[in-house]
Amino acid sequence: MEFNLEDYPCEFCGKPSTNVVYAAFVCSNPECIEKARIERGGPGGHMKKKAEGKPIIPEELVPSIADNRDVGKKL
Ligand SMILES: [Zn+2]
């Protein structure tokens, strides 16, 4: 499955994403990256969310992430 970041808009300004930080899609704008950091509660913020029993990633991304894991195993 092909995974193109640019198919996902930045969660803060709507431009095509170039990064995934703190489990959020963001563009290359440092302001958006900072917003993502704050929104997720900084490093470990997504784990806090997980501890609350909430999903940490959108369901439609799960297959992509599984693909990434497979790539990691090969390396
Ligand atoms: Zn942005």
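1. Leu5 sits in the segment before strand S1 (19-21) of this predicted model. Counting C-beta atoms within 10 Å gives 15 others around Leu5, so the residue is partly exposed. Leaving aside residues up to four places away in sequence, Leu5 touches Ser17 and Thr18. The C-alpha atoms of Leu5 and Asn19 are separated by 7.3 Å, with these positions 14 residues apart along the chain counted as their offset.

2. Asp7 also belongs to the segment before S1. Asp7 has 10 other C-beta atoms within 10 Å and is therefore exposed; the limit for that class is 12 or fewer. Its C-alpha atom and that of Ser17, 10 residues apart along the chain, are separated by 7.5 Å. Ser17 thus comes up twice, since Leu5 touches Ser17 and the Asp7 distance is taken to Ser17 as well.

3. Val20 is a residue of strand S1. Val20 counts as partly exposed, because 16 C-beta neighbours fall inside 10 Å. From Val20 to Ala36, 16 residues apart along the chain, the C-alpha separation is 9.3 Å. Ala36 is a member of the largest nonpolar core.

4. The loop between S1 and S2 deserves a look at the backbone. Tyr22 lies in this loop and has a positive phi of about 50°, although Tyr22 is not a glycine. Ala23 is placed in the loop between S1 and S2 too, and its phi is near 60°, again a positive value in a residue other than glycine.

5. Are these two loop residues buried or partly exposed? Tyr22 is buried, because 20 other C-beta atoms lie within 10 Å. Ala23 has 19 C-beta neighbours inside 10 Å and so counts as partly exposed. The cut-off for burial is 20 or more, which means that the count for Tyr22 meets it and the count for Ala23 does not.

6. The largest nonpolar core has 8 residues in all: Cys10, Tyr22, Ala24, Phe25, Val26, Cys27, Cys32 and Ala36. Strand S2 (24-26) and helix H1 (30-39) each supply at least two residues of this core. S2 gives the largest share, 3 residues. In soluble globular proteins, nonpolar side chains tend to be buried together. Tyr22, from the loop between S1 and S2, is one of the core residues.

7. For the protein as a whole, there are 3 helices and 2 strands, in the order β-β-α-α-α from the N terminus on. Of its 75 residues, 12% count as buried. Among contacts with a separation of 6 or more, 14% are accounted for by residues 24 or more positions apart.

8. Confidence should be read alongside the points above. The mean pLDDT of the protein is 76, and 56% of the residues reach 70 or more. Among the elements, S2 has the highest mean pLDDT, 92, and helix H2 (residues 45-51) the lowest, 59. S2, the element with the highest mean pLDDT, is also the one that supplies the largest share of the core.

Conventions. Residues numbered from 1 in each chain as written. Predicted model: local features only at pLDDT ≥ 70, side-chain atom pairs only at ≥ 80, totals over all residues. Helix = DSSP H or I, 4+ residues; strand = E, 2+ residues; numbered from the N terminus. Contact = placed C-beta atoms within 7 Å. Core = buried A, V, L, I, M, F, W, Y, C linked by C-beta atoms within 7 Å. pLDDT = per-residue confidence, 0-100.
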